Structures are given as structure tokens and as C-alpha cells.
Amino acid sequence: MGSSSSVNANFKYALQKSENAFKAAVLIQRWYRRYVARLEMRRRCTWRIFQSIEYACEQDQIKLHDFFSYLMDHFTPSSSKERDFISRMFISGESFKEVELEKYCDYESMEVPDSYTGPHLSFPLLPDHATALLEAFKQKQQLHARYVLNLLHETRKHLKQLPNISHVSTCYSEEVTVCGDLHGQLDDLFLIFYKNGLPSPSKSYVFNGDFVDRGKQSLEILIVLFTFLLVYPNEVHLNRGNHEDHMVNLRYGFSAVHGRKILKMIQNVFCWLPLATLIDQKVLIIHGGISDTTDLDMLEKIKRHKFVSVLRGKKRKESNRNVEIQEINGESKADASPATGPSPEPRPAQAPSMTNRLEFSKWVRQTVQEQIEWCRRLADISDSEEEEELTSSSCVSMADLDAPCWTRQEEQKQVSILDILWSDPMPQEGCRENTVRGGGCYFGPDVTEKILEKYSLQFLIRSHECKHEGYEFCHNRKVLTIFSASNYYEIGSNRGAYVKLGPDLVPHFVQYQANKTAHTLTMTQRISRVEESAFRALREKLFAHTSGLISAFKAYDKDGTGRITLSNWATAVESVLRLGLPWRMLRPQLVRSTADGLLEYKSWLEDLAVEQRSQEHIQSGLLEVIYRNRSNLETIFRIIDRDHSGLISFEEFHQTWKLFSSHMNIELTDDGINDLVRSIDFNKDGNIDFNEFLEAFRLVKQSQDSHSSRGLW
Amino acid sequence: MFLFADRVEAEIEKKVIEAFEVFDHECNKTVDVREIGSIVRSLGCYPTEAELQELLAEIEEEEPTGYIHLEKFIPVMRKVLLERRGPILKEYINNENKCGYLTKEQLVKYMTEEGEPFTQEEMEDMLSAALDPETNIIRYKDYITLMIADDA
């Protein structure tokens, strides 16, 4: 008896002990799994923040267009100076004929001084030049402007011979490597070459657009890519991306540094980049995507260089879309409208002396149409001309100003290029306008299926969207997105990747992150860091909408207590910012302290802007306008800054503000403008460094090393 | 009193929807069933794997499709949130192993053999954050504090 009871007792004790162990383990595991889940949620929210801000930025293009429309409709110049100023706003580039281009961007007379220690290029280029160039850029050297211009001229000559759709075969070089967006991140290109090898007769490369903008070394990337293009013309293929576009460059900062000639040449090289690449007639590579009207046969025939910028002023309406589809499918009765006569001379660049507002407005409209690439030449006439005109100068009859000023055919062509460069895949079936980006479509798996079937393709490769792992499949593995700019939003935000295809056309991926720090961080640290960056941007956005937010909060605070519930906070914030973010999930990071679950909103808003005490003297409405429209202001300043020096005169600055403030309905006195100027230290002979000015209006100053100083917001 | 309860419930529902939508990639009010754990946990719950399975049984379709619909998720989640009680980890740990630390081997054995065992990935990840590489021990009190501090 005794022994069995003690056995019992032992048994019970053992059972209890193992039960405790089990409970303890489960407890820790529960906690740990919850911790990881929360990290994952934070990571996704952070990603959503970056994406929504990035795409909201792209909508700024439309606001810019509104500003120009406003100017056209409301502004009467009261002096010749004002007239000149306005005309400069709209003339962002003269049109060049071929011969003139050579003369203007002439490099042969440029002397390379003996003191120059950078690489020397001679043409035709050899592999040694390419490796010397890579080495030089690694040592942070620069290529002399003469060589840059020479290279650009040769590149253009080469690209002119290429068809719109490049053909690559895997029987010559066994493997083809496809890279996505690089966005000026030279370190990523170095990493790709290091891991995968340089282009060579046995190693083909396709670079799928968006070489420039956002990153700091856009010009270097172009130089490297163009050099390899010329050294190995059969093995290196470049596709045009939506950022290889003049208007987009203006917005995102590519034009700031490089001198007018180089910029002009680059504009005229971009428009000659091929639009697509086909591997073994089976894999189609385009930068953005496709639409339900994509027609490869038509794409082959377009004169692609005529479309220097494909951005349009007006959004395409859904109804127009249906009409277009009908016409393309041959369902409409009439053909494209005929050309309306021979093209008269392009207008001169100076504003005519007219004081009549209507006349002036018309003239301005016309120059706008000519110069900001909102107008297209009449297709049939252009075919017969021998000399090429390089930008989109053209002629428009006054009567056509509000109607589409180009033929159906022309419009279709432009739309088809726009779709190729700007579209994104979506999970739902169908094809609809890409309102977030302001160009191209969202295309569904059925659209993909149709195109693949129509041209007997196996799958599509595209880029254009940042992906956390550097690549992502969708549409049943028929569409592959490849993105090669690692740490795109912030260090640790995403990996970059490239894909290799052999004759079996089975994709093999290589991922990387071009920043040593990212590797040494734990997952928690990495997520926290990217999160910090995202929230900084979000706080700035909130600050920029202070007055809107206060009104929204007040609507929930009828008793004027100065406090609202957190639930109402979330609803109010979304109604003002409209970013589609999960505010209740983000709240812990944005709202630190509450009293009894209620938020004192005024002090919360003030805390957001704790860094900006020095700008208290600037009227608050104006401050918000600056924060909210910074990227547009930057673009406008750049357009005015004709010699691309980064400086504009005090008078031009003054003018810009007067116009902009009246458009935004803010009263701005001369004193108010002086206050603005005083917010930065300037003493540059009466000129203003507008980059410095705009930098003064960031909530948190970006450090030199910080990857996030990018004009993303 | 009723009004207040209503508001609390409405707020809970909004929170549930928000969390759900973060994982709704196709924007069609469904999420992959494998993400449900993350969603439930980031809403403030600490389910055991067993409890999670029970929850899934309630919200899955009669014939499981691999996807969970928002309409089924909301009522179940609402109930869970209104009734939940979180475990007090701090107190529990304080009552247990007195020396304040575990060796790496002890922790690995414990976590991969006891309770609802960790996968290798989970184990490695916990170690990368919790393990002191020089001494090879885990001062679990510090680690727990880290995990708790992160709580909203």
C-alpha cells in the first residue's frame, strides 16, 4: 500500500511539474508569437505609409497642371516684365532641329584641362574604357563634360538605329539577366555587376527603365549603361521607363545639377530609347505594363522619338476609353480624322506685345501646348518631313484649344506608349484607369492572358513598383515584377533583385541589399528604423494640413473642450489626408499621451512641429501651403531657373509667390514674401538658392548620409 | 451606459476591419488563412496555437478555401476582444526560475520541445534578439521587458 501511494504521489508530482513546464513554455511562446505578429503588422503599415505618400506625390502632377490652367485663365500681365516672366514659366525648352542640336550641344571645342584626373574616353569605345569608368566612379571621380556629351551623342546615334522592340535570343549568350528600376542608385548597379559579372559577349543584360531620379547618382548610372551599350551593342539592351521623361525629371530633381547642354542631350537620348524587349519571342519585357489596347504591331511602327514626354495634361476619361477601344477594334464607323493642312511655322519664343487679356491668354495657351508637350504634331504631315524635329513643337489652330489637339491616331499612339510605361497589374479582372499614378492603366489577369495568347508569349516581365523582396509574381505567375533598387524608401526597407533566364526560360532570382548596415541589424531594428522614417514623413504630412485638421477635429468637439475621442481622431484624420491608411493601427506611434482616453488635439498638432519654432513669424496658412506643395514648388522653380544654376532672382521668386498665393487663395503681402526669404540665409548677389529655401521647410533636416533625402515628399 | 457600450463596440469593429485590411492584398475583403494568427495577435490577443485553431474552426467556410472572409471574422473577433484577459507574464516569470537567466541550450530545449514548439525559424529569430553572444545566456527578464514594453 505504502509504496503504491508514494508512487502515486511521485507520479502526481511529476505530472504537476511537467504541466507547469508545459504552461510556462506555452506562455513564452504565446508572447513571442504575438511580438512577431505585431512586428509584421508594423512592417506592413510602414510599407503602406511609404507607398501612399509616394503615389500621392504623383498626383501632384495634376495639381501642377491646375496651377498652369489657373495662370492661363486669370492672369493679366501688367508689365512687359511680368509678361516675360509668365512666358518663361511655360517655355521649358526650345525645339531643336538635328543640325541645331549638334551645334548647341557641341563638345568638340571643349578643352579637357591637364589637371583633369578622371577617365578619358575615345570613340569607338572599348571594354577597357568601360572598366576604367567603373573604377573611376568607385573612386568617386567625375567624367568630364566633354566626354559626357560625346558619349551622349554617340549613344543617340546608336539608339536611332534600333527598333522600338529589341529582340534577344538565348542561343547566342546562354543567359539573359534582366534588371529593374535603379533610380540613380549606383551602388546597386555595382553590386549587380559584382555578383553577376559585367556585360560581355557571353553575358546579356536587359535594363528595364527608370535609371534616373530619386537616387543621387543618376548621371553616373546613365554613363555606365550607355558605355556598356556602345561597347557591347548586341548584348546590352535598354528599355525606356516612365522616369526617362523630361517632365518627370523636372519634378524629381535630375535636372538640378548637370548643366543645360547635358540635360538637353539627355532629353534627346531618352526619347530614342526602345520601348520593349522580347526574349526568344516568348518573354515580353516592358517597364510598366500593358492595357487592353496594347498592340505590339502598332508599337513596332510608332516613331517613338516624337514622344519626348508622354505625360498628358488632362486625364483620360473612362468614356473616352471605351470609344477608343471601339475604334481600335474597328467598331466605329468613321476613320481617324484627317490632317488639317500644312503645318505653319512654330511660334517664336518671345511673348508678343499684347495687352488684351484674351489675346494673351490664347497666346499663352498656345505656347503651353507647344512647349509643355501637351500637343502632338499632326501625324500624317510629319511623315513626309526629312528633317526631324526633336521636341514636340507643333501648331494648333485656335479653335482646337479645348478639343483634343491631335488626331485619333496620334492620340492612340501616345496612349499606347503611356500604357507601356505607366501601368500596374491588379488582382481583379478588367482594365481601368490608373488614377493613382495619373497615367496608364490597372490591368487584370484576363488582360494579361489575352496578350500572352495573342502573341504566343509565355510571361511578362515588368518593373515600376517597389517590392519588398525585390521581385514578385502575380497573375498566376504570368507577370513578374523585378525591382533592382534596394533600400528604396529607407535603409532596410526592401531588397533589390535581378532575374536570369536561360534557354528554358525558367527564372532564377538573385536578391541583395546594397548597404552593409542593413545586414547587421536585427529584424526588429530594421523594421524600427524604416518605421521611424515613414512616421517622420507622415508627421510632416499631418503638420502640412494643420488648419484642415483643426476644422475636422472641431466638428467632433461641439462643446469646445479641446478634446476628442481617439476614434473620432482616426476618422477625422483620414477625411483630411485621404491616404487610405489604417490610422487606428498607426495611432500608438502618432499619439503619445491621452488624458482619460481623450486627445487634446491642439497641443498634439503643436507637438508635431516642435522643430519649427524659428518659422513662427511666417503666417501659418502660408507655412502649410509650402509643406503641402513642396514638390510642385520645386518643379516650378526649376522651370523658371533656365540655366539650371539652382538660383533664381529675388524678383522671380517674388513673382512666383504672388502667382502661387493667389491661386491658393492666400493673402500674401510683400512683407510676407520678405519673411519667407528671411527664413534662409542668403547672400548670393540678389539671387535665391531655391533648393536651400525648400530645405528650410522640412520638419526634420536630412543628414548627408541619410538615404531618405530624396524629394519623395 | 448602453451608448457607451455601443461606441466601444463600434470602435472595436473599426479596429478589427483596419487590421484585417492591412493583410487583404487583393482588396476583396478576404485574407489568406495563414495570416489570421498575425491579425489576431496584433489586435492585442495572446492565443495559444490551440486556441487559434479553435478560432479558425469558427471562421472558416464549411469547405475551407484557404481564405477567410471579413464578414465571418468580425463577429468572432469582436467577441474575443470583449472577453479577453491577457496573461500576466511578468508575475509568472518572477515566480519561476530564480537565477534570472537561462543558457542557450536550456532555452532551445525548452522552446522546441515543450508547450507548442517553435519552428527552427522562430527559434533562431528569438535567439538573435534575446541571446547575449558573448556569454551565450539569455537574461530573460530583460527580454520579457522588451516584449512587454512594445505593447500599446
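A salt bridge is a side-chain nitrogen of Lys or Arg lying within 4 Å of a carboxyl oxygen of Asp or Glu. With that in mind, open the structure, which is a predicted model, and display chain A together with chain B, between which the count is six salt bridges.

To see one of these, select A:Arg33 and B:Glu122, whose side chains meet in a salt bridge at 3.0 Å, N to O. There are also 17 residue pairs in polar contact between chain A and chain B, counting pairs in which both residues have pLDDT 80 or more.

Next, colour the elements of chain A that give two or more residues to the side touching chain B, which are α1 (2-58), α20 (566-577) and α21 (583-590). Of these, α1(A) gives the most, with 24 residues. If you then colour this side of chain A by class, you will find 20 nonpolar, seven polar and 10 charged residues.

Now select the whole contact, which takes 37 residues from chain A and 45 residues from chain B. The area buried between the two chains is about 4,100 Å², and carbon and sulfur atoms give 61% of that area.

For the last stop, go to A:Gly288, which sits in the loop between β6 (283-285) and α11 (296-301) of chain A. Is this residue buried or exposed? A:Gly288 has a relative accessible area of 0%, so it is buried. Show its surroundings, and, leaving aside residues up to four places away in sequence, you will see that A:Gly288 touches A:Ile420, A:Leu421, A:Trp422, A:Ser423, A:Arg462 and A:His464. Finally, select A:Asn208, which is 80 residues from A:Gly288 in sequence but 9.2 Å from it in space, C-alpha to C-alpha.

Key: Residues numbered from 1 in each chain as written. Chains lettered and ligands numbered in written order. Predicted model: local features only at pLDDT ≥ 70, side-chain atom pairs only at ≥ 80, totals over all residues. Heavy atoms only, no water. Contact = heavy atoms within 4.5 Å. Buried area = accessible area lost by both parts, 1.4 Å probe. Polar contact = N/O pair within 3.5 Å; in protein donor to acceptor, adjacent residues only side chain to side chain. Helix = DSSP H or I, 4+ residues; strand = E, 2+ residues; numbered from the N terminus. Nonpolar A, V, L, I, M, F, W, Y, C, P; charged D, E, K, R; others polar. Buried < 20%, exposed > 50% of the residue type's maximum accessible area, 1.4 Å probe, protein only.
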